[in-house]
Amino acid sequence: MNHLGTVELGTARLRLRRFQNGDADSCLRNWAGNGRVFQFISQTPMAPADMAAFLAGAEDAYAALTTYYWAVEEKESREVIGEIFVDDFSERNGWCELDYKLGPAFWRRGYAVEAARAVAAFLFDCVGFHRIQAKCSVQNAASEGVMQKMGMRQEGVLRSHFLRKDGLGYDDVVLYALLRNEASTKYGAPNPGGKYSACPPSGV
Ligand SMILES: CC(C)(COP(=O)(O)OP(=O)(O)OC[C@H]1O[C@@H](n2cnc3c(N)ncnc32)[C@H](O)[C@@H]1OP(=O)(O)O)[C@@H](O)C(=O)NCCC(=O)NCCS
């Protein structure tokens, strides 16, 4: 594995970059403070103090080359409209798990798939993971739609895996994954020295 940390990635409409101290207002306004974003996930909306703590912690977290945690900035407005990150990975087994959130005003424009494809290309071709997985509650049709549209295949259902927000029961969770050899990615194969010359340099 060739860990590179959270290096900046670009797509046609998005800039995927590190969170910065000045991001608090746009994050809270666009997504982090909005209850709709957290309907099917265990986290809860952030208050300004939570956001300040998150941004302060991000600085330290970015020192690790194994941190893959991007702010999603819309190029046109320069607003931070969400986040996309690796929330778990196995060094030994070469897999990682992807997570993402966007603010409701930006839903259904193809942004999540656009971001996820760019991150997947980077994780496969530059870092060297061979499998990227994701999971969500069966109620979370939008998240499952992202997994399907980025080419992931459903592998199974984890029964009663997610305690619902109302605390009154458990949802089943679907597990999806995409393998490197199934993905058509952007950066190409490593050269004979094992380096990915077309990949961005380490962010640290
Ligand atoms: C999941 C989320 C990031 C999707 O963002 P998005 O930018 O709207 O997704 P996209 O526009 O790329 O949509 C991709 C596909 O998913 C499906 N989809 C998206 N929203 C959907 C919805 N509300 N209902 C059903 N399918 C949906 C569609 O197939 C869509 O493709 P199409 O618009 O061409 O038909 C966004 O809804 C979100 O932030 N939700 C709250 C946080 C969350 O639950 N994150 C996932 C944690 S597991």
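Eight strands line up in one open sheet, in the order β1-β2-β3-β4-β5-β6-β8-β7, with mixed pairing. The strands at the edges are β1 (9-10) and β7 (153-163), and each of them pairs on one side only. Keep in mind as you look around that this is a predicted model. Besides the sheet, two things are worth a look: helix α4, which lies across β5, β6 and β8, and the ligand, which has 22 residues around it.

**Inside the sheet**
- β7 is joined to β8 (residues 170-179) by seven bridges, and these two strands run antiparallel.
- To find this pairing on screen, start at R153, whose bridge partner in β8 is A177.
- β5 and β6, in contrast, pair in the parallel sense, over three bridges.
- A handy landmark here is W95, with R131 of β6 as its bridge partner.
- β6 is largely enclosed by the rest of the structure, because five of its seven residues are buried.

**Helix α4 on the sheet**
- Helix α4 covers residues 141-149 and lies across three strands: β5 (95-102), β6 (131-137) and β8.
- Relative to β6, the helix runs at about 160°.

**Around the ligand**
- Which residues come nearest to the ligand? Of the 22 around it, they are W107, A112, C136, A142 and G145.
- Helix α4 appears here again, as it gives the largest share of the shell, six residues.
- β5, α3 (111-127) and α4 each supply at least two residues of that shell.
- Sorted by class, the shell has 13 nonpolar, four polar and five charged residues.

**The protein as a whole**
- The secondary structure amounts to four helices and eight strands.
- Read from the N terminus, the elements follow the pattern β-β-α-α-β-β-β-α-β-α-β-β.
- The protein is as compact as a globular protein of its length, because its radius of gyration is 17 Å, close to the 17 Å that the globule rule gives for 204 residues.
- The C-alpha trace spans about 55 × 40 × 30 Å along its principal axes.
- Of the 204 residues, 30% are buried.
- Among contacts with a separation of 6 or more, 65% are between residues 24 or more positions apart.

Conventions
Residues are numbered from 1 along each chain as its sequence is written. This is a predicted model: local features need pLDDT of at least 70, side-chain atom pairs count only at pLDDT 80 or more; totals for chains, interfaces and linings use all residues. Two strands pair if DSSP finds at least two bridges between them. Two residues are in contact if their C-beta atoms, placed from the backbone, lie within 7 Å. Axes are lines fitted to C-alpha atoms, for helices over the stretch in contact, and angles run from 0 to 180 degrees between N-to-C directions. A residue is near a molecule or strand if its C-beta atom, placed from the backbone, lies within 6 Å of it. Ala, Val, Leu, Ile, Met, Phe, Trp, Tyr, Cys and Pro count as nonpolar, Asp, Glu, Lys and Arg as charged, and the others, Gly among them, as polar. The radius of gyration is taken over C-alpha atoms; the globule rule is 2.2 Å times the number of residues to the power 0.38. A residue is buried if 20 or more other C-beta atoms lie within 10 Å of its own, exposed if 12 or fewer, and partly exposed in between; C-beta atoms are placed from the backbone.
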